[in-house]
Structure formats: C-alpha cells, structure tokens
Amino acid sequence: MSNSPRLSRRTLLAGAGAGALAVTAAGSLTACGNGGSAQDLANGKATLPSYQPITRSHPDLPSIPPCGVTGYYRYPKARFRSVAKTPASGGTISALVAITAPPPTPHDQNRIWQAAEKRIGARMNLTMITQSDYKQRFTTTIAGGDLPDFMLFQKIANYAQLLQAKFADLTPLLGGDAVHEYPNLANIPTVCWQQAAVGNKLYGLPLCRNGMQGPGLYHKEMFDEVGGYPKDADEFFTFVKELTRPKQNRWGIVGHQGSAYSLKTALMLFKVPFNWQLSGGKLTKDIETDAHKEAVAYLRKLYAAGVFHPDSNAPNNRTKNIFNNGSAAVSTDTVTGLLGAVKNQAKVNPKFQPRALKALAHDGSRGIVYLDFLINSFAVLKKGDEKRLKELLRVADFLAAPIGSQEQQLLTYGVEGETFRFDDKGTPVLTAGHENDSAIPWGFIVNGPMELFDAANPDTVKYRYEGVKDLSPYTVKDPTAGQYSATDATVGETLTQNIMDTCTSIIAGRKPMSAYDAMVKQWRAQGGDKMRDEYEKALAKS
Amino acid sequence: MTDVRPIEADRTAGQPAPAEPQAPPVRRRTVWQRLRRDRTMLLLTVPGLLFFLVFHYVPLLGYVVAFQSYQPFLGFTQSPWVGLANFATTFGDPAFWSATLNTLKITLLQLVFFFPAPIALALLLNSMLSSKLRRFVQSVVYLPHFIGWVIIVSISQELLGGTGVVTHLLDAVGVHNADLTNNPAFFPFLVTLQVIWKNTGWGTIIYLAALVGIDQQLYEAAAVDGANRWRRLWHVTLPGLMPVTILLLILNLGSILSVGFEQILLQRDNVGADAGEVLDTYVYFHGIVDGQWGPSAAVGLVKGLIGTALILGANKLAHVLGQEGVYRR
Amino acid sequence: MTAPTARPAWLERPSLAGRIVKALAVAIILTLVVYPFLAVLSTSLATQGEISRKGGLVIWPDDPTLEAYRTIFSGGVVTKALVVSIGVTVLGTLASMVATIMMAYGLSRKDMIGGRPILLVALFTMLFSAGIIPNFLVVKQLGLLNSYASLVVPVLVSAFNLVVLRNFFVNIPQELIDSARIDGAGDLAILVRLVLPLSKAVLAVIALFYAVEYWNAFFHALLYLSDTSKWPLALILRAYVLQGQPTTGSMNAMSDSLPPQEGIQMAVVIVAVVPILLVYPFLQRYFTKGVLTGAIKG
C-alpha cells in the first residue's frame, strides 16, 4: 500500500488548518491572550476539582474506587438535604441533552419536572435528542450560534478550539478546593473530571459511569461445566472451543457489531497497553506493540476453530439475545449490559448464571482492565459572567444530588403523595398517571458516581456491583487522557475505524496476517506519527 | 420526430403525433407572445420555484465547505480555505475507489434485478381477474416498505445467517456452511435481495397508476384485431408503461452512486470493508464521524456532478430512441 | 361498479396453466411478505423472556401480551404525538399536493417558454443535497425553528414527485386538451376540469408518497424542534427503536448499554403502519380502476 502521497497532503492539510484556525480564533477572541497555535493552547495540566465523597447515603454495597460505584438493595431511608439554598434566582435555564429512552411527559403536564423547577428556582428548558442522532443536532446548534446554557459535548474535529471559543473555562470556579462550594459536584471522583478537561483547562461536568466496560460477559454455569474459570489464554481457548457445539445451537463467543470479534477482550487478555504506552516520555501506540499483534493472531486462531457465533457482527439486540439465551458462552457486552442479561435470565433459563468476565492475562500473570468507561460524555457551559456561571454550577450541584438526598428524590420521583408513594418496603413507586413523568434526562447535564439501585431486580445490582468490584483493582489508564491532539481530533476516529476494519478482516481470515504490518504503516502515515508527536509534546508540558 | 427541429419557437408544430394533421397552425411567436400565452402556466410554477430556490439552492451555497476546512463554530465565512485539498485527500485514497467500485456493483445489480421487479409485479397484479384478490394482494405487498432496516437486517440474519432456517435447509440438501450473510462475494446480492423484498410492492404503486391510464378500448381494439394476450401486453401495455418506466430509469441512473446507507452500515462488518464499504459509508467514516465536513462535501459534489452527467446523457439517449425521458430536448 | 370477476367480452378465458403459474407466483410472493410481517406482529405480542429465549424473532407467541403496546401508549406522550403527526401529514400533504400540482401543470406544456430551465432547476435538487448545516441555517434565518411549519415548508415539493406528476400530465392526450381549448377553456379551467379528473390515479399515488413521507419523517423534527411536546410520532417511535442500540460507528463514546426491547420495537412498527393501512384502501380505489376508458373517443 503506498499511502505516502496521502500522508503529505493529509499532514499539510491538518497543519495548515490548525495554524490558520488559531489565527482566526485569536482574532475573534479577545479574552485569550495566549499566543501560539491551537495545539499549544490546549496543552498543560488543569487543576482538577479535589474529591470529597459524600458518605451520608449509606449504601448496602460500599463505594468502589476509582469511580465511587455504590449499590443499594433498598431505597435509603433517612433523606438528607444536600443543597441548602435555592440554587437559581428565576429566569430560564436551557440545556441541550441526549436521551437513551423515550422522552418524558412534556413540561406542561409533567408534575415532577414542575416540582423540581420550583426547588431549583428557574424554568428548566430541556431540549432532548435521541442519543444516536445527538451529534447532528449538536453540530447544527454550534453552527447556528444560539447556544443553550448547558450542552452535552461531542468531540468533533478541532474540538479544543471550539471549547475555547464558545464555552466557559470552569477551572477557576471548580479547580482544587473551589469545588467544595458545590458538595454534590465534589462527590465526583477526580479521575472522572479529568475526562472533561482539555490540556490545562476544565470545561465540563462529567456524566460518570462505572469506569470500565470490562472484558465481556460469560455464562458461569457453562464454564463450571468445562473446568471453572480459565487461568490463561490457552485454557480460555480450550474452554470456549469445548463449549462450541453448533449441533446444540451453541458457540463459544459472540461478538457484536463493530467489536472486531471481541478484539478488546483479547487486547486485555494479552495485556496490550490501553490506547498508548508511555515510557520515558515516548509514546507507543497499542497497535505498534507485539502484544496487539499476538491478540489479533489469537482471535484469528479462535475464528478458524469455529468458536465465534456466525452472527457475531449482527446488530446489538440480536447479539445480546444470543448470549442471553445461552447460544454463546461468552459475549463482548459490557458490565452495564449485565443488566439485561440478569433481568430476563430467570424467564429464559433459571439455571443460567450470566456474570462479568474477570481480569485474565494470557500467561497467567496479573491481568489488566481498561479504564474505558469513566464517563459517557461531559456537559459544557455557555460563556457568561461569573455570577451566571456560578448560578449554573449551583443548579448542576442540585442535579448531581446523590441517592438518599431529598433533591435526588424530588428529581426522580417528585412529590410524595402526588407523583409517588412509598410501598411497604420503602421503595418509591410512581402513582398512576405519572409513570412517564420521571424519565427527565437530568443525568445528561451532570451525573454523579453511579448508584446501582433496582428494588425489583436486586440481582442486577448484586452482579453488576460484583463485576465492577472484581475488575477495579486491575484497571489501567490511558496515558493521553485529558490531553489534546489536533490530528487525533480530526482523523482519529477514521484511523481507528481503518484499524478495526483491517483487524476484522484478518481475524475472519479474509486477509493474511501480513496485512497487519501494512495497517500499522498506514496508520503512522495517515496521521499516527503526528498524533504521537502532539501527545508527547502535550504530556511533556503537563 | 427524432431530431430535425432546430428552432425553439417551432415546438408547437411537433406537439401531436405528426401522423395526425389536426394540429394548430404552425406559426412563429415572438418571445413576448409566448410569455403572454404561457403567463398562467409560468405563474403556476412560481411558488414551487421559490421553494426550490430558498430551500435547495440557497443551502447549496454550503458546498463551499468542499474547499474549506470547515469548523461549524467559525461558520462559512471564517473557516480557512484549503483549495482542492479535500478532493485530493479523497481521490488519493485507495479505499475511496474500492468503495466506489462496491457501490457500482450494488447499484448495477439493483438496476438489473430490482428495477424491473415492481413492473413485473404490477403486470402480474394487473392480469389478475378477481379484483378482490388483486386488492388484497396489493394491500399486503407494500407493507414491507414500512419496516425499518434495523429490523429487516435482523430478520435477514435470522433467516439467512449461520444459524438461519435457509442455511439449515441448504445444509440438508448438501450445501454446507452456506452462511449467506457473512459471504463477501454474495454481499451485493444479499443487499439487492433485501431491497427487492422491502420495496418491490411499494414500487408497483406508480406502475399501477400508469396502467389504469391506458385506454381500455385499445385492448378491445387489439383483441378484435386478433392479438393474443402476449401481443396485447407487448403492443398496448408496455408502450403505456414506457414513459414512466423510462423516467424512473433515468432518475435511478442519477443516483447510481448512492445505495442504502443504513442498510449497508448495519451489515458491512459481516463482510469487511473491502466488500462492504460503499461511498455513503465511506463518507460517513471519513468525514462525518470525525466531524470533517469538507471531504463529505467534496464527495457529495462529485457524486452530484456524475449524477447530472448520467441523467442528461440518459435523457439524450431516450430522445434518440424516440422517448420523452424526463423532459423534451 | 363491476362485479369482482367481471371479464370483458373480448377477453379470452385464461388458460389453466397460466392460472396455476399465476396462483403459484402470488402464493410465493404473499408468503415472502407475510411471513416476516407476521413475525413482527407476533414478536410485538411476546414477552421479553420468550423473545430472548427464541433469539429475537417469535413466529407465534406462546403467551401473548399487550405489554409492549401498553408501554408505548402509557403516559400520553404517544397520543399527543399521534395528533401532531396526523395534523402535519394531512396539512402537509394538502400543501404539497397544491404546490406540486401547480408546478407540474405549469411545466406540462411542452413548448412553454422557460419550461425546460425551470424543470432542470427542480431536477438538480435531486442530485445535490446541501447537508444538514446549510439547511438548518436557512430554516433558522426564516424563523421557522421549533415550529410545526419547519416540518412541512422545507420539504414542500419533492422533485421526484414533481417530475413524475409532470410526466403523467404530459402524457395526457393532446387532443383532449386542444378540444377543451377550442371550447374556450383557459389554462386553469383545463387543469381543474380535464387534467385533474383524468389524473386521479397518479394524484392518489403522489398524495400517498407525500403522506407516507410526512408520516415517517423524523429527521427535520430532530433538527428543528426543541419541545418534545411538538414531536411527531415518528420521532417518539424512533426513541423507542433506538433504545438499547449503541451509536453506530462509535465504539467508545456514548455506550450506555440498555437491555434489548424487541417487543417494543416491533410494536412500534405496527403502530406506525396501522394508520397507513387505514388510509390505503381509500387511495387504492383510484389506482386500480381505469379512468381513460373511451376518453379519447368521447
């Protein structure tokens, strides 16, 4: 593959683009007196908010570092007030957010929404967009120029410049101990805040998640049948091979669309560095390591052995069902995906024991788990004067209220006696006519540490919690987290897609193993080397 | 009436078929006279024309991003200009050409197999004597049009995939491991089959409308002249369908570089990018995912130009063959 | 009105072989179409447990339940959206038909001055689409954001429908138009008294195309509306369908993983199709019955 012509044009283009941008940006921005290129502007290290966990919620299952995941079998009894004063002083606060579920009852009939506004002290104007379509609405809103107060952020090309030009720098308001003015925001672990920082500035409010997607899920009862939990890569292979019985409609592994036959599972198995490896100030990309190549070769071997379910690239729902109904022993689904597997498991087959895969290393040593699901995304604040920003942060503080607080109860269930009542176990139940009032996506403006709670399905709490707890000690961070590379922000996803495509084809035997090195070469030529350079410089300054 | 008609103003002369001499007298009109004559017609086009100008042509100015490194927050006026760099990047990428080739493979297959399908089904429906049954069939076959691609792909996976009914049947008759959904060579056919299933019934509607426009007396006259049903099909029905068929064919040629984006995006991983990447998914992964609008616009511009050339060319060809096409020469 | 199996005198009796072949073809087509649709309906009536057990598609539910439909219709969101969708579809189709008929008829005179350039102006819009940002900016500049009009006005005329309709108008026998003109009818009178009555079939088809387009449209609502209370049904249903689907193409960002909801997804398909099923027979009348019988002679 000769991609060198593309290299020169691509790099030229990226370079010219970035340079020219910085000039234009500087022209329109009087506030930023920092000269130099946009890449430089994004470097450095932000002073992140210091972590001050709230302990008044009394979880049944205690907080797991680093993301502070907790579990609750019952709704906490003693309800404390986490926000003393009315956060806002009238007017309207607007937000553009995503939804993963159908929208709630519209504002004019939604009693929970109205009740929450009363306590917040402002009209909360939420524009909700289905998550899959969110990027389009985000981009048009940016292009249109009328920005809402809060906006769920998307990392589009040159997002550092976008952040700088349009959104508020929250570092002076939240950095260090300043965050203690907002106790519910201080309840968010620093590692999550870092995901909302770019270089030396903090821009966003994180939507915390459980930290890791994990290597995948497995049927414990099936593994028990063939010898328990595997010790290394060879045993894993033997087990899934043994569990593959097409005649009984069962396969070892099912992937999912875009997973490249569970590539990520194999990467953790072979202890491939998470995204980049940093040693002595030098970065090595994961695909440049031998371990990554070994992982691909390993999956190629698995594929050839017929271990993968034939529908391993099917749309998500299908592959979830394949795992849930026992047609595959292992799935690439996330720890969160355990929710669906556990919830319906009793109705599918009471003997099934779907669990999260544990950390496992190919050579039997201590395994690793990528810290790849710290946040969903982060919400940014429109530029404004300090008074307005502080007001917005107070509102965010209100919205981040933890379970067990009056604020959380109000935001989720509304007013006792009107929109909900407590059942005999002390679980809030929405009253008739208000069932759909509750799905207000407050959690897409800011979301504190994950609280696992499902009174109707305590097993989903138990096994998800256990999954996170088992994986947490092994987590590793992406060394470039919180750093910015203009090239990565422009062509990063495209290059990743190329890698996933090539790996998928190699694993499925459509391309020879030799295509791997060409792929790495192509990645370096099309922007990889430039990315490395930018990240190394950024890291040197942080 | 194929080619010799050089003077614009003379058009009226050719209006009715030349064989019938009762046409209005041939006379030249000045532009002013024609404007006067056509003023009602012209006025009628004004609202539509305004619509197209405001909602299509004004936004088309947005194509400038093909020559820019467009940043939504800077806008069209302040985004940096990059000349032809977006074109150079795209056309210098082998993956772009592979995607173009895949697109053409699929659209050509669809032209050959899908395009005639609604015509055939419409003729079959039309030939059914029982109008009750005909209506019933008609009101069932269009239903798949309303099922989204996510569901169609899932259904197709469950029928044709490695664990599907069809695969088991094939296995029973000696064709082993015939996983049609994971087979790169079969992919264009699979995609075409899905389109046929989804849209054939829906596509018949327009041909049925053309069929009812055919004068029933023509059939009767042909039958009286001794033409059997096949000859009537050939001499009455098909010529009656010809204008709309040619029209749709030409319009189809215009979109020869576009195939169902969602449908293919959902299935490309099954067969890998080498077989499953088409232009629209290429643009998606090489522009939109990263928020790079320039390369997407560049591809869109080129696609539009090629579509224009094909439509104009096909229209010329239709005229040479004595057909109306989209518009007259 | 003709009896269901009326056979004109001139039409010969169909041969047995021909009838068998035809019956077979119809049977195969019906199976191909009905089987998956039945699967969609059955799955919408099955419990999530059964769906999971059977791998996603249920051909016949063991334990039918209306749970999925109850979920969709609870809370009144869908009912409100249904009203919006019906309003937008009816008014939008009317507006579109008027504008399209006017323009198609205006362009149907073959030697009209400026006719071809105007037609080309419309035709090119099928080939070049500007992308979402410029369209958004135009709608914003016109002050249509967050209005129901933004769901209709930007898609008022479809070039495809225009070209098809014009093609049918052009193919109306010129003799009819000429004789009407000789009787003293003006351009508008010809449209109303002659062209439209003769084009009932294609008008029904174009109206159906527009109506279905409006009914299924969600993208403009997504880009232009801010209040969920204004959402049309298609967008609400999309939210149900997308539940549990990760963002396509993106592997790490936005990967909240929800349990599958096939029952609801399939119910959504049914809910969206029912109104079309109801309207279809009314329009079908027009394109299954001939209009031109003896028209030229008379």
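Here is a short chat about how some labels in this model are earned.

Author: This is a predicted model, so local features need pLDDT of at least 70 and side-chain atom pairs pLDDT 80 or more, while totals for chains, interfaces and linings use all residues. Residues are numbered from 1 along each chain as written, chains are lettered from A and ligands numbered from 1 in written order, and side-chain values use heavy atoms, leaving out hydrogens and water.

Reader: Why is A:Asn325 called buried?

Author: Buried means under 20% relative accessible area, exposed means over 50%, and partly exposed is in between (1.4 Å probe, protein chains only). A:Asn325 has 15%, so it counts as buried.

Reader: What makes the link from the side chain of A:Asn325 to C:Ser52 a polar contact?

Author: A polar contact is a pair of N or O atoms within 3.5 Å; within protein, one must be able to donate a hydrogen and the other to accept it, and residues adjacent in sequence count only if both atoms are side-chain atoms. The side chain of A:Asn325 reaches the backbone oxygen of C:Ser52 at 3.0 Å, so the distance fits. That side chain also reaches the backbone oxygen of C:Arg53, at 3.3 Å.

Reader: Which residues is A:Asn325 in contact with, leaving aside neighbours within four places in sequence?

Author: Contact means heavy atoms within 4.5 Å. A:Asn325 touches A:Val348, A:Phe352, C:Ser52, C:Arg53, C:Lys54 and C:Gly55.

Reader: How do you know that C:Arg109 and B:Asp38 form a salt bridge?

Author: The rule wants a side-chain nitrogen of Lys or Arg within 4 Å of a carboxyl oxygen of Asp or Glu. Here the N to O distance is 2.6 Å, so the pair qualifies. The count between chain C and chain B is 2 salt bridges.

Reader: How many residues does each of those chains bring to the contact?

Author: Chain C brings 108 residues and chain B brings 100.

Reader: What makes E1 and E2 of chain A a pair of strands?

Author: Strands (E, at least two residues) and helices (H or I, at least four) are DSSP runs, numbered from the N terminus. Two strands pair if DSSP finds at least two bridges between them. E1(A) and E2(A) have 2 bridges, in the antiparallel sense, so they pair. A:Ile64 stands opposite A:Val69 in E2(A). E2(A) also pairs with E19(A), in the parallel sense, over 3 bridges, with A:Gly71 opposite A:Leu452.

Reader: Which way do the residues of E2(A) point?

Author: A:Val69 and A:Gly71 point one way, A:Thr70 and A:Tyr72 the other. In a regular strand the side chains alternate between the two faces of the sheet.
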